[in-house]
Amino acid sequence: MKHQFIGVNCGAIPEQLLKSELFGYEEGVFTEADVKGKPGYFKLANHGMIFSAKSSN
């Protein structure tokens with residue numbers, strides 16, 4: 001299996017959600033969360049590479 005390359009535009013993610021997007025979350029952690037939880041970008045990369053860019057205004 002090839003390692004994943006995940007591109008993340010951190011500037012497009014609200015600051016309050018950045019941690020949840022990068023590291024994921026478990027079910028029921030916060031209101032309006034996916035009922036199954038969500039893997040974060042680090043888990044999705046699965047030993048691959050994450051390129052994070054933050055565009056400034």
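Start by selecting Met49, which sits in strand S4, spanning residues 49–53. You are looking at a predicted model, so keep the confidence colouring handy as you go. Among the elements of the protein, S4 has the lowest mean pLDDT, at 81.

Keep Met49 selected and add Phe5 and Phe51. Together these three residues make a nonpolar surface patch of about 360 Å². For the wider setting, show the whole surface: the protein exposes about 4900 Å², with carbon and sulfur atoms supplying 54% of that area.

Now switch to a cartoon view and trace the chain from its start. You will pass through the pattern β-α-β-β-α-β, which comprises two helices and four strands. Pause at helix H1, residues 18–23, where the mean pLDDT is the highest of the elements, at 89. For the protein as a whole the mean is 81, and 89% of residues reach 70 or more.

Next, go inside. Which residues form the largest nonpolar core? Select Ile6, Val8, Cys10, Ile13 and Ala45 to see all five. In soluble globular proteins, nonpolar side chains tend to be buried together. Over the full 57 residues, 23% count as buried.

Stay with Ile13 and display its surroundings. Leaving aside residues up to four places away in sequence, Ile13 touches Val8, Leu18, Glu21 and Tyr41. Val8 is also a member of that five-residue core.

Finally, zoom out and display contacts between residues with a separation of 6 or more. Of these, 55% link residues 24 or more positions apart.

Definitions and conventions
Residues numbered from 1 in each chain as written. Predicted model: local features only at pLDDT ≥ 70, side-chain atom pairs only at ≥ 80, totals over all residues. Heavy atoms only, no water. Patch = residues over 30% accessible without salt bridge, like charges linked within 9 Å, V, L, I, M, F, W, Y side chains within 5 Å. Areas by Shrake-Rupley, 256 points an atom, 1.4 Å probe, with all protein chains shown as cover. Salt bridge = Lys/Arg side-chain N within 4 Å of Asp/Glu carboxyl O. Buried < 20%, exposed > 50% of the residue type's maximum accessible area, 1.4 Å probe, protein only. Contact = heavy atoms within 4.5 Å. Core = buried A, V, L, I, M, F, W, Y, C linked by side-chain atoms within 4.5 Å. pLDDT = per-residue confidence, 0-100.
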